[in-house]
Amino acid sequence: MKLYTKLFAIQGKAYVSKDGENPHFRSKFMTLDNIVDTLNPMLAENKLLVTHFIENGTLVTRVVDIETAEVLDSHFPMNATDPQKVGSEITY
C-alpha cells in the first residue's frame with residue numbers, strides 16, 4: 001500500500017475528541033496527549049513514522065512509510081529568534 005493510501009485510510013477512521021476545555025473562552029479543544037494517543041496506534045499499524053525537526057530555520061514535519069521509504073514533508077518557516085517566540089511558533 002502506498003503512503004497516500006495509508007494516510008487516506010487513517011483519515012477515514014481517525015476521530016479525535018475534544019477532551020480539553022478553555023474556561024476563559026468557554027471552548028473545547030483536542031489536547032496533544034489525546035491526539036497522540038489516538039493517532040499513534042493507527043500510524044504504527046500502517047507502518048508510518050512521523051518526525052519533526054528544524055532545518056535551516058524551517059520546522060519540518062516528515063511522514064515516512066517504513067515499508068516503501070516514501071516521504072511526505074511539510075515545511076513551516078520559523079521567523080522568531082527569541083526562544084519564547086520560537087516555542088510559540090512551534091506550538092501553533
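**Close-up views of a predicted model**

**View 1. Helix α2 and the residues it buries.** In this predicted model, the residues of α2 that are buried are Asn-34, Thr-38, Met-42 and Leu-43. The cover over these buried residues includes α1 (3–13) and β3 (48–55). An α-helix has 3.6 residues a turn, so residues three or four places apart point the same way. Helix α2 covers residues 32–45, and because each of its 14 residues is taken at 1.5 Å, the expected span is 20 Å, which agrees with the 20 Å that separates its end C-alpha atoms. The helix nevertheless bends by about 30° at Leu-39, with a proline, Pro-41, following within four residues.

**View 2. The loop that leaves α2.** Asn-46 has its place in the loop between α2 and β3. Because buried means under 20% relative accessible area, Asn-46, with a value of 12%, is counted as buried. When its neighbours within four places in sequence are left aside, Asn-46 is in contact with Lys-6 and Ile-10. Lys-47, also just after α2, takes a positive phi of about 55°.

**View 3. The three-stranded sheet.** The strands β3, β4 and β5 form an open sheet in the order β3-β4-β5, and their pairing is antiparallel. Strands β3 and β5 stand at the edges and have a single partner strand each, so one side of each is left without a neighbour in the sheet. From one strand to the next, the twist averages 15°. As for β4, six of its eight residues are buried, so this strand is largely enclosed by the rest of the structure.

**View 4. The pairing of β3 with β4.** Strands β3 and β4 run antiparallel and are joined by eight bridges, and one of the residues to look for is Phe-53, whose bridge partner in β4 is Val-60. The hairpin of β3 and β4 has two residues between the strands, and in this hairpin Asn-56 takes a positive phi near 50°.

**View 5. The pairing of β4 with β5.** Strand β4 (residues 58–65) is joined to strand β5 (residues 71–77) by seven bridges, and the two run antiparallel. Val-60, the bridge partner of Phe-53, stands opposite His-75 in β5, while Val-64 stands opposite Val-71 in β5. Five residues lie between the strands in the hairpin of β4 and β5, where Ala-69 takes a positive phi near 70°.

**View 6. Glu-55 in strand β3.** Glu-55 is found in strand β3, one of the two strands that stand at the edges of the sheet. Because partly exposed covers the values between the 20% limit for buried and the 50% limit for exposed, Glu-55, at 41% relative accessibility, counts as partly exposed. Glu-55 and Met-78 are separated by 23 residues in sequence, and their C-alpha atoms are 9.6 Å apart in space.

Note on methods. Residues are numbered from 1 along each chain as its sequence is written. This is a predicted model: local features need pLDDT of at least 70, side-chain atom pairs count only at pLDDT 80 or more; totals for chains, interfaces and linings use all residues. Side-chain values use heavy atoms; hydrogens and water are left out. The expected span of a helix is 1.5 Å times one less than its number of residues. The bend at a residue is the angle between axes fitted to the seven residues ending there and the seven starting there. Buried means under 20% relative accessible area, exposed over 50%, partly exposed in between (1.4 Å probe, protein chains only). Contact means heavy atoms within 4.5 Å. Two strands pair if DSSP finds at least two bridges between them. Axes are lines fitted to C-alpha atoms, for helices over the stretch in contact, and angles run from 0 to 180 degrees between N-to-C directions.
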